[in-house]
Structures are given as C-alpha cells and as structure tokens.
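Take a look at the model below. We'll go through the ligand and what surrounds it, then turn to charged pairs.

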Amino acid sequence: MTTIEVSEDDISQAKELRDQFQRFLRGYEFGMREVETKISILRDEFLHDHDYNPIEHVTSRLKTPDSIVEKIARKGIEPDFERIRDEITDIAGIRVTCSFVTDVYQLFDLLTAQDDITVRVVKDYIAQPKANGYRSLHAIIEVPVFLSTGQLCIPVEVQFRTIAMDFWASLEHKIHYKFQGQVPGHLVDSLTDAAHAAGELDARMERIHREAHGTRPALPAPIDPRIVEV
Ligand code: 0O2
C-alpha cells in the first residue's frame with residue numbers, strides 16, 4: 001500500500017478552494033432567487049389584475065458540483081471561476097411552464113424587458129424546433145445580485161414552455177437516459193411524431209381557449225429587440 005504525504009498547506013489550500021467554490025455557487029442560488037421572485041410577482045400581478053394565471057408551474061435547479069466539473073472537462077474550459085461564469089451559463093436554471101404558446105412569449109417579453117435584466121442569448125426552439133422535435137424558448141439572462149462585498153452579475157438560464165412541450169421533453173429525457181443516448185431509431189421517430197402532435201395540440205388548445213374566453217387584454221410590446229440564436 002502506498003501512503004501519500006499531505007501537508008498542512010495542501011489541506012488549507014483544499015479548504016480554501018472548497019470555500020471559494022461554495023461562495024461561487026451561492027451567487028447562482030441568489031441570482032436564481034431574484035429571477036424566481038420576478039416570475040412570481042408577474043404571476044401574482046396577472047392573477048389579481050387580469051384574473052388570469054399564465055403560469056402552470058415553475059421549477060428551478062442548481063447544477064451539482066459533479067455536473068459542473070463534468071461540463072468543464074467536456075468543454076475543455078480552464079478551471080477558473082471567471083471563465084466558468086462566462087462559459088457555463090446554465091449553472092442556475094429555471095423552467096417556467098405555461099398553458100399556451102402566447103403566454104410563453106408574453107412572459108419572456110415581460111421578464112426580459114425589466115431594466116435590471118440583461119439578455120445574453122435567446123434560443124427559440126419553438127420557432128425552430130430541434131431535429132428530434134424538442135420545443136421550448138430558452139433565454140440566458142443576467143441578473144444583478146447585491147452582496148455585502150459588492151455587486152455580482154449572475155447568468156440564469158430560463159426555459160419557457162407549454163405543458164405539452166414539458167410533457168414531451170420529460171418523456172424524451174427519460175428515454176434518452178434509459179438508452180444512454182443510443183435511442184433506437186423507431187423510438188426516435190415515434191418521439192418526433194409525438195412532438196408534432198404536441199405542437200398541434202398546443203395550437204388546438206389555444207384556439208379553444210380563445211373561443212371560450214375571447215382575446216385577453218393586450219400586454220405591452222417587448223422593449224428590447226430579441227437576440228435570437230439557434
Ligand atoms: P438539464 O438537466 O435539463 O440541465 P449546453 O447547455 O451548452 O451543453 P446547448 O445545446 O447549447 O447545450 O443548450 P440548449 O440547446 O440551450 O439546451 C440545454 C438544455 O435544454 C438541456 O439541459 C435540457 O434541459 C434542454 N434540452 C435541449 N435539448 C433537449 C432535447 O432534445 N430534449 C430534452 N428533453 N431537453 C432538451 P441539459 O444540460 O441537457 O440538462
């Protein structure tokens with residue numbers, strides 16, 4: 001058996017690195033909370049002032065340290081906090097599930113038009129679905145977080161989707177995981193068909209909703225032009 005000598009210095013350096021990493025991740029947790037609050041305020045305001053709730057549910061998650069390390073290695077990123085903040089933009093992730101496609105775009109517009117939000121990237125997989133049929137509107141936004149030590153600008157990935165898109169993505173994710181990415185061709189085809197059916201269902205449900213309730217009050221137009229990158 002080989003023994004490894006670990007000096008006091010090594011231990012204190014490892015502890016310092018661990019503390020820095022925990023501080024780094026806390027910034028993301030705070031940024032995520034800021035964005036969650038914004039979304040929850042929009043939801044409450046809608047409910048009270050328009051008697052309508054455009055949001056079905058909101059979930060959020062912080063990437064685990066293991067998953068961050070795996071992505072650093074996969075993307076060949078220098079293990080430096082600033083580089084990681086620049087290159088890994090989905091450490092904090094929020095998923096907003098809406099009833100209808102118009103709600104998806106309205107919420108996106110209302111959130112990204114806020115003065116303290118900077119939009120870094122938008123990927124509109126609803127306008128241009130992925131080849132497998134995946135649909136959702138993704139935005140990487142930056143939100144300021146005010147700490148005792150100063151201000152941080154935290155990137156948060158927000159995915160907006162409908163219930164039908166969420167149902168599809170959840171099943172596709174499970175199948176992808178079960179087959180470790182090697183999904184048999186017939187299942188890939190079935191999933192793509194199901195994605196088209198989900199898209200048609202979204203359109204039908206929205207038509208029925210409009211017929212039943214009429215057009216909802218017009219909401220403000222987006223202030224910032226969209227940065228679209230797919
Ligand atoms: P998790 O656990 O949801 O976070 P990158 O993030 O840079 O590696 P990319 O392709 O630039 O990859 O990002 P993109 O297109 O914005 O998509 C990233 C996230 O969108 C994924 O996160 C999924 O949540 C979701 N997503 C994208 N494509 C698909 C798809 O085909 N099926 C499903 N079910 N979800 C998808 P993660 O990190 O994969 O997982």
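## Polar contacts with the ligand

The side chain of H138 has an N or O atom 2.9 Å from an oxygen atom of the ligand. K71 also puts a side-chain N or O atom 2.9 Å from a ligand oxygen, and for Q159 a polar side-chain atom lies 3.1 Å from one. The protein buries 67% of the 760 Å² that the ligand exposes when taken alone (areas by the Shrake-Rupley method with a 1.4 Å probe).

This is a predicted model, where local features need pLDDT of at least 70 and side-chain atom pairs pLDDT 80 or more, while totals for chains, interfaces and linings use all residues. Residues are numbered from 1 along each chain as its sequence is written, and side-chain values use heavy atoms, with hydrogens and water left out.

## The shell around the ligand

Which residues are the closest to the ligand? They are R61, K123, Y125, N132 and E172, out of 17 that surround the ligand (a heavy atom within 4 Å). By class, the shell holds 10 charged, 4 polar and 3 nonpolar residues (Asp, Glu, Lys and Arg count as charged; Ala, Val, Leu, Ile, Met, Phe, Trp, Tyr, Cys and Pro as nonpolar; the others, Gly among them, as polar).

At least two shell residues each come from α2 (65-75), β5 (150-162) and α5 (163-178) (DSSP runs numbered from the N terminus, helices being H or I of at least four residues and strands E of at least two). α5 gives the most, with 3 residues.

## Salt bridges

The count of salt bridges comes to 12 (a side-chain nitrogen of Lys or Arg within 4 Å of a carboxyl oxygen of Asp or Glu). One of them joins D90 and K71, at 3.1 Å from N to O. D90 is in the loop between α3 (81-87) and β2 (92-98) and K71 is in helix α2, so the pair ties together parts 19 residues apart in sequence.

Definitions and conventions: Polar contact = N/O pair within 3.5 Å; in protein donor to acceptor, adjacent residues only side chain to side chain.
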